[in-house]
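Grab a coffee and open the viewer. Below are a few exercises, each with a worked solution to follow along on the screen.

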Amino acid sequence: MTISTRLAALLVALGAPLPACDLDSDWPFDRACAASVVPMSLQGAWTVHGDGKRTSCDDATLNASELALTVGPLDIVQSGSTLTLAEPLSLPPGVSFTFDGARVDGSCVTFTTTETSAHGDVVRVTFDGTRDGSRLSGTFTGFGPGTCRLEGDFSVDVRR
Amino acid sequence: MNRLWKLLALAVVTCTALAAAPAAHAAEVWVVHRLGTQGVDEATAATFRDLLIAELGERVAATFAQADAVCDGSECARVTAEQLGADVAVFGTVSALGRKILVNLYVVDAHDGSTLSRHKMDVDRVEDLDTVALRVAKAIAGGRHVSETAELGAITHREVQPDLRREGARGLGLYLGGVVPVSEAFQGGGPGVLIDGSYWFETTDFAIEPRIGLRFNTNGLDDASDWIEIPVDVGVYYILGRGDLAPFFGGGAGLRFAWADESRTLTQGDVIKTTHTAEIEDGGVGFGVFGRAGLMLLRTYAMRMSISVEYNAILRDFLDRGVPQQLNFALGVYF
């Protein structure tokens with residue numbers, strides 16, 4: 001191996017993107033991101049803020065190229081790698097909400113929220129993110145109401 | 001002495017009575033002379049004079065007398081009038097010139113012989129002499145020129161012929177103007193313009209007008225809120241005057257094809273809340289009514305104009321903001 005070949009290999013290695021916690025990525029070291037992060041509790045009051053878009057709605061007035069999304073505040077309890085609602089939310093009659101599928105894997109956090117309106121419309125959003133201290137950010141995808149599809153970026157402020 | 005006092009008292013009473021007499025008979029005395037004729041038979045001229053006296057009698061607070069003398073000058077008229085105790089003398093001629101009949105009339109102050117006014121009018125058929133009598137009487141009474149006394153019902157055949165004046169008309173109308181939404185619906189789109197076309201069928205006192213138009217807001221159709229309206233309706237109007245400035249009012253009904261949109265911020269959900277700006281659209285056909293008042297200009301002419309203000313309502317809810325109501329201001333031209 002010549003010096004120039006070694007130098008090129010080094011430059012490629014240095015220029016390569018750092019591992020990201022994108023669960024949909026083919027990057028082979030996704031799960032490795034957990035090992036580099038010191039575990040830290042995410043327990044506290046969560047407020048999720050997101051920006052994205054909503055498409056494919058039967059009701060065209062719901063389609064939006066710019067959509068603001070908020071979830072919460074949610075009182076979240078962490079137990080190991082599990083996140084749950086501290087207690088059920090107080091909601092209007094006929095409305096239900098679930099916080100499930102929450103999983104902490106090192107720096108990677110995944111959770112799903114589902115709201116069913118009094119009219120039976122279901123909105124389900126799955127958030128995939130990485131945490132940085134008490135701040136959590138990433139992307140969200142989801143559906144509802146009806147045929148709508150949701151996607152965008154989010155961040156979570158965790159207040160302890 | 002006693003007799004002297006009686007005479008003095010009688011003199012005072014007589015003078016008072018004489019002084020009061022003119023006040024009791026304040027109305028002037030006008031004398032209308034027999035009209036000179038050239039190429040027109042005497043009977044026609046006499047009929048015209050009778051018509052003239054009748055029309056003057058309706059417009060001038062005077063007592064009218066007739067003089068058999070034909071005068072061809074002011075002095076003759078003055079002398080004759082003075083003999084008859086008249087204040088004003090009218091004399092003139094009715095003459096034929098080719099196919100035209102010319103009427104020349106002078107109004108003279110019988111006291112000093114000065115000409116108060118002169119009126120000339122010509123017609124192309126003898127049947128119009130009654131109109132001439134009406135118009136000249138109006139001109140004399142109003143101190144105007146005979147051309148200023150034209151109104152529907154008093155247009156001579158000759159005035160109609162050159163395609164300048166007319167007795168009544170129907171024809172296309174074109175309106176250009178502005179629209180101001182006055183109710184919540186359409187107000188987001190702001191004021192707009194109207195371009196209406198119509199068929200104006202006009203009688204002496206009424207008009208009927210089928211109409212179609214295009215009205216839209218002027219802040220740009222790519223703006224956050226817009227509206228478009230296509231009215232198809234019929235209006236009926238009452239015209240209050242027959243002159244060149246004629247107020248009119250009326251109303252009508254028809255269909256309104258309309259479309260509107262506006263931007264709204266929509267928030268959904270109780271826990272998962274989404275907020276976005278949505279373009280809400282609404283459109284369809286509704287029943288429309290309107291009331292309109294205005295002023296017709298140049299009504300006695302073939303091409304007329306109008307200025308008007310109109311209240312218009314579409315009896316249908318738009319964008320959940322109720323019934324659109326508008327004030328329309330328009331300048332109209334009728335061909």
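**Exercise 1.** Which strand of chain B is joined to β2(A), and how many bridges join them?

*Solution.* Some ground rules come before the steps. This is a predicted model, where local features need pLDDT of at least 70 and side-chain atom pairs count only at pLDDT 80 or more, while totals for chains, interfaces and linings use all residues. Residues are numbered from 1 along each chain as its sequence is written, chains are lettered from A and ligands numbered from 1 in the order in which they are written, and side-chain values use heavy atoms, with hydrogens and water left out.

Step 1. Go to β12 of chain B, residues 272-297: four bridges join this strand to β2(A), and the two run antiparallel. Helices (H or I, at least four residues) and strands (E, at least two) are DSSP runs, numbered from the N terminus, and two strands pair if DSSP finds at least two bridges between them.

Step 2. For a place to zoom in, pick A:A68, which stands opposite B:T275 in β12(B).

**Exercise 2.** Describe the interface of chain A and chain B.

*Solution.* Step 1. Count residues: 23 from chain A and 13 from chain B take part in the contact, where contact means heavy atoms within 4.5 Å.

Step 2. Look at the area: about 1,300 Å² is buried between chain A and chain B, with carbon and sulfur atoms giving 59% of that. Buried area here is the accessible area (1.4 Å probe) that two parts lose on being put together, summed over both. A:T61, A:T70 and A:E115 supply 36% of what chain A buries against chain B, more than any other three residues.

Step 3. Check the polar side. The rule finds zero salt bridges across this interface; a salt bridge needs a side-chain nitrogen of Lys or Arg within 4 Å of a carboxyl oxygen of Asp or Glu. It does find nine residue pairs in polar contact, both residues at pLDDT 80 or more. A polar contact is a pair of N or O atoms within 3.5 Å; within protein, one must be able to donate a hydrogen and the other to accept it, and residues adjacent in sequence count only if both atoms are side-chain atoms.

Step 4. Name the elements: β2 (64-79), β5 (108-116) and β6 (122-132) of chain A each give two or more residues to the side that touches chain B. β2(A) gives the most, with nine residues.

**Exercise 3.** Which salt bridges sit within helices α2 and α3 of chain B?

*Solution.* Step 1. In α2(B), residues 42-59, B:E55 and B:R59 are four residues apart, so about one helical turn separates them. Their closest N and O atoms are 2.8 Å apart.

Step 2. Compare burial, where buried means under 20% relative accessible area, exposed over 50%, and partly exposed in between (1.4 Å probe, protein chains only). B:E55 is buried at 18%, and B:R59 is partly exposed at 30%.

Step 3. Move to α3(B). B:E75 forms a salt bridge with B:R78, with closest N and O atoms 2.8 Å apart; these two are three residues apart in the helix. B:E75 is partly exposed at 46%, whereas B:R78 is buried at 16%.

Step 4. Fill in the rest of the helix. The buried residues of α3(B) (74-84) are B:A77, B:R78, B:T80 and B:A81, and what covers them includes β1 (28-34), β3 (62-70), β4 (88-97) and β5 (100-109) of chain B. Just after the helix, B:G85 takes a positive phi of about 70°.

**Exercise 4.** What does B:R211 pair with in a salt bridge?

*Solution.* Step 1. The partner is B:E310, at 2.8 Å, N to O.

Step 2. Trace the chain: B:R211 is in β9(B) (206-217) and B:E310 in β13(B) (304-314), 99 residues apart.

Step 3. Both are buried: B:R211 has 4% relative accessibility, and B:E310 has 4% as well.

Step 4. Widen the view: salt bridges that share partners join B:D196, B:R211, B:R215, B:E229, B:D233, B:R256 and B:E310 into one network.

**Exercise 5.** Which strands pair with β7(B)?

*Solution.* Step 1. β7(B) (169-181) pairs with β8(B) (192-202) in the antiparallel sense over 11 bridges. B:G173 stands opposite B:S198 there.

Step 2. Nine bridges join β7(B) to β14(B) (325-334), also antiparallel, with B:V180 opposite B:L327.
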